[in-house]
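Hi everyone, thanks for coming. I'd like to walk you through a structure that is probably new to most of you, so let's get it up on the screen.

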Amino acid sequence: FIYTSPSMGGATLTVAYRNAVNDASESMTDFALAMSPESIDGLTVGVAMSDNSIGENVDSDESTMYATYATGGFTLGVQSSDLDHTTAGSDQESIAYGVTYAVNDDLSVGYSYHELETETAGDEDQESTGVSASYTMGGMTLAGAMNDVDNIAGSATRDHEGYEFTLSFAF
């Protein structure tokens, strides 16, 4: 069962429910509220919670909250998430933020950051950063991104850098 309410003053509620057929199947109850207040142009905030039963003795509770704000050429966003799991060492906390700036109609640049913390003993926090830019002229777009991830999956010896450049044409 999934229900999404009509917008009421900029607020939308979504509810989802699935009942377990037997003790070994998964059940869930989810709630999400997103709001774009009519009095604050460009602001969107939201919160979501989920309660899951995965089999007989495994439960997880998840929650997240976010906010985005767009003004002029800037768009800012932040999100915080939490996972509480009955399996030892499976809890996670996450924080992410990003900012983009549309310099003009053709050029945009952006920066993002994400940190993932686990409760596993000996794990390092995974940290990701990214920088991107795109330039559009007519039907041509030139874009690029540089991303860096440290401590992949909590391992201090697993770091990775990635680069992407694209040139696309629309006809």
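Before I point at anything, one term: when I say strand, I mean a DSSP run of E with at least two residues, and strands are numbered from the N terminus. With that in hand, here's a place to start: Glu62 lies in strand 5, which covers residues 59-71. And please keep in mind that this is a predicted model.

Let's zoom out for a moment. What is the protein built from? It has 11 strands and 0 helices. Reading from the N terminus, the order is β-β-β-β-β-β-β-β-β-β-β. The C-alpha trace spans about 60 × 50 × 30 Å along its principal axes. For 171 residues, a compact globule would have a radius of gyration near 16 Å, but this protein comes out at 20 Å. Of those 171 residues, 15% count as buried. If you take the contacts between residues at least 6 apart in sequence, 28% of them join residues at least 24 apart. As for the surface, about 11100 Å² is exposed, with carbon and sulfur atoms supplying 58% of that.

Okay, back to Glu62. Is it buried or exposed, or something in between? Its relative accessibility is 38%, so it counts as partly exposed. Setting aside residues up to four places away in sequence, Glu62 touches Ala48, Met49, Ser50, Asn52, Asp82 and Leu83. With one of these there's a polar contact: the side chain of Glu62 meets the side chain of Asn52 at 3.4 Å. Also have a look at Asp84, which sits 22 residues from Glu62 in sequence, while their C-alpha atoms are 6.3 Å apart.

Next stop, Ile54. You'll find Ile54 in strand 4, residues 43-54. Ile54 has 36% relative accessibility, so this one is partly exposed too. Which residues does Ile54 contact, leaving aside neighbours within four places in sequence? The answer is Glu26, Asp59, Ser60 and His85. Glu26 is worth a pause: 28 residues separate Ile54 and Glu26 along the chain, yet their C-alpha atoms are 4.5 Å apart.

Now for the surface. There's a nonpolar patch of about 780 Å², made by Val78, Ile95, Tyr97, Tyr111, Val131, Met146, Tyr163 and Phe165. Which elements give two or more residues to that patch? Those are strand 7, residues 92-102, and strand 11. Let me pick out one of the patch members, Val78. Val78 is in strand 6, residues 74-85. At 39% relative accessibility, Val78 counts as partly exposed.

Last one, and it's a bit of an oddity: Asn151. Where is it? Asn151 sits in the loop between strand 10 (140-150) and strand 11 (160-169). In general, most residues other than glycine have a negative phi. Asn151 isn't a glycine, but its phi is positive, about 60°. Is Asn151 buried or exposed? Buried, because its relative accessibility is 15% and the cut-off for buried is under 20%. Leaving out its neighbours within four places in sequence, Asn151 contacts Glu124, Asp125, Gln126, Ala156, Arg158 and Asp159.

So, if you're spinning the model around later, try finding the patch with Val78 in it, then the loop that holds Asn151. That's me done, thanks for listening!

Technical notes. Residues numbered from 1 in each chain as written. Predicted model: local features only at pLDDT ≥ 70, side-chain atom pairs only at ≥ 80, totals over all residues. Heavy atoms only, no water. Helix = DSSP H or I, 4+ residues; strand = E, 2+ residues; numbered from the N terminus. Buried < 20%, exposed > 50% of the residue type's maximum accessible area, 1.4 Å probe, protein only. Contact = heavy atoms within 4.5 Å. Patch = residues over 30% accessible without salt bridge, like charges linked within 9 Å, V, L, I, M, F, W, Y side chains within 5 Å. Areas by Shrake-Rupley, 256 points an atom, 1.4 Å probe, with all protein chains shown as cover. Salt bridge = Lys/Arg side-chain N within 4 Å of Asp/Glu carboxyl O. Polar contact = N/O pair within 3.5 Å; in protein donor to acceptor, adjacent residues only side chain to side chain. Rg over C-alpha atoms; globule rule 2.2 N^0.38 Å.
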